[in-house]
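Where does a folded chain leave empty space, and what surrounds that space? This report takes one serine as its starting point, then turns to cavities, pockets and core.

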Amino acid sequence: DAATRAAQEFDVQHTYSNLAALLGQSDRLDALVLATPTDTHHALVCAALDAGLHILCEKPLAFDLAQATAMADAIRQRGTVGKMGFLFRYSPAVEHMKTLVDSGYLGDLQLFESVTVNAQFADPIRPLHWKMQRNRANGGVFVEYGSHSIDLAQWFGGPINSVVAHGVTQIPQRLTATGTPGVVDVDDAATWIATFSQGGEGVFRTGWASLPIDGNGMRLFGSRGALAWLQSPNRRSERVVGATLEHPEPTVLFEFEPPYDPRFDEGAFPLGLLARYNQRLVDSFVADVRRGQASGPSFEAGLRAQEVLAAIRTSLDEHRWVQVERT
């Protein structure tokens, strides 16, 4: 029913209730955007690759590291485009930070800090979601939000070498769609410390059942300078603030606030900047398909993030430091 309504709204000619029926039209298809629950990614990506399609896959790449490794191997063998939905790389502010870091603004990266806290599931009346079930998502907010921050951390600071994590379930029970009690067996909030292979430390805080204040973002501290990416709480604007040993007073180096659009900027949980990032991600994917070669973030970036997610999963289960397994 949802597909039919969307097709009518956007004048889409055909809808399908399963991937097999869609892939029966593979001679008319170029690419697939996969935005389904995490536990379905592996089977659906493999089927799409067998049909010769390019793929834009929502994060995380897979349910676990074994699946992610197989998917990354498959995309290499096929030679088709595999791109990840790491949309924060398409923030104009983050892109500006990356340019500054690559130009040596920070010097050597010493500390990385990421905060991603939202009230997405703060209301205990909100029904049980598949993201709150370990057998569907293999983790809670550390997967849902952490996938993004891990990708950014390794984009800026290189490979993560080890992690230690702690998580809590703040709302342990919710009603299912049928009104029966359901158990939340994943983390509503999670924090972890990471070490980078080339030196330096990272601290990550995630939460999807807490009210954010003063926006989200990340901070990078180096031997020569420091940078901060700051989003406004309503996701309407973002900026980059920097300071160096030569100029220690924090200075706004970059600001981005797109024109107001009620489609994206109104409502209880407006997409705001995220809608703009996603548009740029999709544009990049289309350009990759036309060129026949993936630009970052590719399935390789998805696999690198999955390696860290697997280590965090083990750390949460076993309450210890865990080395990241590189595949």
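Ser232 lies in the loop between strand S11 and strand S12 (238-244). The model is predicted. Is Ser232 buried or exposed? Its relative accessible area is 16%. The cut-off for buried is under 20%, so Ser232 counts as buried.

The surroundings of Ser232 can be described briefly. A polar atom of the Ser232 side chain lies 3.0 Å from the backbone nitrogen of Arg236. Leaving out residues up to four places away in sequence, Ser232 touches Gly215 and Ser237.

**Cavities**

Ser232 also borders empty space. Together with Asn118, Pro212, Asn216, Gln231, Pro233 and Arg235, Ser232 lines the second largest cavity. That cavity holds about 40 Å³ of space. Its lining divides into 2 nonpolar, 4 polar and 1 charged residues.

How many cavities of 30 Å³ or more does the structure hold? There are 3. The largest has a volume of about 50 Å³. Its lining includes Trp130 and Trp208, along with Lys59, Lys131 and Glu144. Thr38, Pro60, Ala137, Gly139, Gly140 and Val143 line the largest cavity as well. By class, this lining has 5 nonpolar, 3 polar and 3 charged residues.

**Pockets**

Arg235, named above in the lining of the second largest cavity, appears again at the largest pocket. Among the residues lining that pocket, Leu87, His148, Arg235, Leu271 and Leu274 lie nearest its centre. The lining has 49 residues in total, and the pocket volume is about 1,400 Å³.

Which elements supply at least two residues each to this lining? Two are helices: H8 (146-157) and H10 (273-291). The others are strands: S1 (31-34), S2 (54-57), S4 (109-117), S10 (217-222) and S11 (225-231). Helix H10 gives the largest share, 7 residues. The lining residues divide into 26 nonpolar, 16 polar and 7 charged.

The second largest pocket has a volume of about 460 Å³. Its lining has 16 residues. Ala3, His14, Thr15, Tyr16 and Leu22 lie nearest the centre. Helix H1 (2-10) and helix H2 (19-23) each supply at least two lining residues. The largest share, 4 residues, comes from H1. By class, the lining has 10 nonpolar, 5 polar and 1 charged residues.

The volumes and lining classes are set side by side here.

| Space | Volume | Lining by class |
|---|---|---|
| Largest pocket | about 1,400 Å³ | 26 nonpolar, 16 polar, 7 charged residues |
| Second largest pocket | about 460 Å³ | 10 nonpolar, 5 polar, 1 charged residues |
| Largest cavity | about 50 Å³ | 5 nonpolar, 3 polar, 3 charged residues |
| Second largest cavity | about 40 Å³ | 2 nonpolar, 4 polar, 1 charged residues |

**Nonpolar core**

From empty space, the account moves to packed side chains. The largest nonpolar core has 79 residues. Which of them have the most contacts inside it? They are Ile160, Met218, Leu220, Trp229 and Ile312. Helix H11 (residues 299-318) gives the most to this core, with 9 residues.

Ile312 can be followed further. Setting aside neighbours within four places in sequence, Ile312 is in contact with Phe142, Ile150, Val163, Ala165 and Trp192.

Technical notes
Residues numbered from 1 in each chain as written. Predicted model: local features only at pLDDT ≥ 70, side-chain atom pairs only at ≥ 80, totals over all residues. Heavy atoms only, no water. 1 Å grid on protein atoms, 1.4 Å probe; cavity = no way out; pocket = protein on both sides within 12 Å on 5 of 7 lines; lining within 4 Å. Points joined across faces, edges and corners; volume = space filled by probe spheres on them. Nonpolar A, V, L, I, M, F, W, Y, C, P; charged D, E, K, R; others polar. Buried < 20%, exposed > 50% of the residue type's maximum accessible area, 1.4 Å probe, protein only. Polar contact = N/O pair within 3.5 Å; in protein donor to acceptor, adjacent residues only side chain to side chain. Contact = heavy atoms within 4.5 Å. Core = buried A, V, L, I, M, F, W, Y, C linked by side-chain atoms within 4.5 Å.
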